[in-house]
Amino acid sequence: MKLLIRNAYVITVTGTEFVGDIAVDGARISHVGPTGSVPEGFEPDETIDATAKAATPGLVNCHTHAAMTLFRGYADDLPLMEWLTQKVWPIEAKLTGDDIYWGSLLAGLEMLKSGTTTFADQYFEMDRVAQAVEEIGLRASLCRGLIGVAPRADQVLAESLEFVRAWHGAAGGRITAMLGPHAPYTCPPAYLEKVLAAADELGVGLHIHLAETRTEIEQIKQEYGCSPIELMERINLFERPVLAAHCVHLSETDIEILARRGVGVAHNPQSNMKLGSGIAPVARMLAAGVNVGIGTDGAASNNDLNMVEEMRTAALLQKVALEDPTVLPAGRALEMATVGGARALGLDGEIGTLEMGKRADIVLWNLNQAHLSPAHNLQAHLVYSASRADVDTVIVNGRVLMRDRRVLTVDEERVLREAGRCARRLVSAVSSA
Ligand code: NI
């Protein structure tokens, strides 16, 4: 399948911006350049006229728990531990594979409609998440959440290895897998060492929550006499590629370790705000050379999976925290939400920018609207003015998944209906327990 996107405002996220054309051959971008520059002889099966549209790389949601969309609005405005122990864990205990499949499709639908083409997910019943990803057509980095202090911890790790072997590189390369130790306070060092050995054997990375709350920092300090980041450094966790979610409370030493070890950080500003966790020192991390991407976290703590809004929140939050409007400018926020995220997932060789040879994960934005006019600075528009409803067309791996806001891969009404059914059953199962 050959696809030609004509006359778009192309924002490559490599530093160039022009009105031009993008040629897609199979799953990859075969040409990107000014209007009329597509090599002669390229005969597209389909041409999209992108006049008055911006073309950007797809957004990368670096950290979420997709199926938690079923709990959107179910438990809000509670302290973190009460939220987890009284609300989230009891209802999660009732989840079936069917729930996780429909919850993940609901998440996928929401992400697709808001310009996210890749997401990093940590949850359970990951075969069902992978099935949802395969069907909807998105790209995802998936891992089973591992709780080292749980009774079946070793068995779950063994299952996790099976999952990696079955799905890493599946769905035409759209699905990659990692191992997902939940956090240092649920996975003691001895267990993390087992996970690390398994990751070494499989040649995959790790996706972990790190330094999210002050309580975590105090608990780890009390138990091990150091910060969570220092503890991970001590057990050599960072010898493997690591995607670290949150990193809210960091010392200068922590930041130095993250930079030196090339750890990818998933910054989740809205989740951190909603749970009252704090403000991650993103500007300091970026200045130190840490690679930072952006994530939404799960819908129970956000409450949506909207990377367009998340990008804006990331930029605004640093400015207000530092009382400095020059930190995290729009172009930098867009970079974090695309190529920064791709790098954090170890996928920047394949996605994250619009360049020849990369996978064709492309979003077209409808610019012909009052809130995006006039077109002084399109990157600023996408970060400070755009909404997810401006996402018009989404292409992943060379395949059009949504055209003119119409989703082509799944039946939207059915996903809403089935996810609603699962959510109602879960709530009644918890209340009758
Ligand atoms: Ni999380």
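A helix, as I use the word today, is a DSSP run of H or I that is at least four residues long, and helices are numbered from the N terminus. By that rule, E256 is found in helix α8. I will come back to E256 later. This is a predicted model, so please hear everything that follows with that in mind.

Let me start with the domains. The assignment splits the chain into domain 1, made of 2-57 + 358-407, and domain 2, covering 59-344. Their centres, taken over C-alpha atoms, are 28 Å apart. To the contact, domain 1 contributes 26 residues and domain 2 contributes 32 residues.

How much area do domain 1 and domain 2 bury between them? The figure is about 2,300 Å², with 62% of it on carbon and sulfur atoms. Which residues of domain 1 lose the most area to domain 2? They are V383, Y384 and R388, and together they account for 29% of what that side buries.

R388 is also one half of a salt bridge. Its side chain meets that of D304, at 3.0 Å from N to O. Between domain 1 and domain 2 the count is three salt bridges.

Next, the metal. What coordinates the nickel ion? The donors are H63 through NE2, H65 through NE2, H209 through NE2 and D297 through OD, at 2.1 to 2.5 Å. Along the sequence, these donor residues follow the spacing H-x1-H-x143-H-x87-D. One pair, H65 and H209, links distant parts of the chain, 144 residues apart. H65 sits in the loop between β6 (59-64) and α1 (80-92), while H209 is in strand β11, residues 206-210.

Are these two histidines buried or exposed? Buried means under 20% relative accessible area. H65 has 8%, so H65 is buried. H209 has 4% and therefore counts as buried.

Why is the arrangement around the nickel ion called irregular? The angles that the four donor atoms subtend run from 84 to 175 degrees. To count as tetrahedral, four donors need all angles between 85 and 135 degrees. The range here goes outside those limits, and the arrangement is irregular because of its angles. For reference, the ideal angle for four tetrahedral donors is 109.5 degrees.

Now the salt bridges. Side chains of opposite charge can pair when their charged atoms come close. The structure holds 28 salt bridges, and I will go through a few of them.

R144 pairs with E159, with the closest N and O atoms 3.8 Å apart. R144 lies in strand β8, residues 139-146, and E159 lies in helix α4, residues 153-167, so this bridge ties together parts that are 15 residues apart in sequence. R144 counts as buried because its relative accessibility is 16%. E159, at 33%, is partly exposed.

R144 turns up again beside another acidic residue, E125. Leaving aside residues up to four places away in sequence, E125 touches T96, G97, I100 and R144. E125 is placed in the loop between β7 (116-123) and α3 (126-136). With 39% relative accessibility, E125 counts as partly exposed. E125 and D98 are 27 residues apart in sequence, and their C-alpha atoms are 9.3 Å apart.

The next arginine is R261. R261 forms a salt bridge with E233, and the closest N and O atoms are 2.9 Å apart. This pair joins distant parts of the chain: R261 is in the loop between α8 (252-260) and β13 (264-267), and E233 is in helix α7 (residues 228-234), 28 residues apart. R261 is partly exposed, at 25%, whereas E233 is buried, at 17%.

R261 also meets E239 in a salt bridge, at 4.0 Å from N to O. E239 lies in the loop between α7 and β12 (242-246) and R261 in the loop between α8 and β13, so here the parts tied together are 22 residues apart in sequence. E239 is exposed, at 55% relative accessible area. Which residues belong to the network that these bridges form by sharing partners? E233, E239, E256, R260 and R261.

That brings us back to E256. E256 is partly exposed, with 37% relative accessible area. As a distance for orientation, E256 and A170 are 86 residues apart in sequence and 35 Å apart in space, C-alpha to C-alpha.

Note on methods:
Residues numbered from 1 in each chain as written. Predicted model: local features only at pLDDT ≥ 70, side-chain atom pairs only at ≥ 80, totals over all residues. Heavy atoms only, no water. Donors = N, O, S within 2.8 Å, 3.2 Å for Na, K, Ca; no water. Tetrahedral: all angles 85-135°; square planar, octahedral: opposite > 155°, others 65-115°. Helix = DSSP H or I, 4+ residues; strand = E, 2+ residues; numbered from the N terminus. Buried < 20%, exposed > 50% of the residue type's maximum accessible area, 1.4 Å probe, protein only. Domains from an automatic or database assignment. Contact = heavy atoms within 4.5 Å. Buried area = accessible area lost by both parts, 1.4 Å probe.
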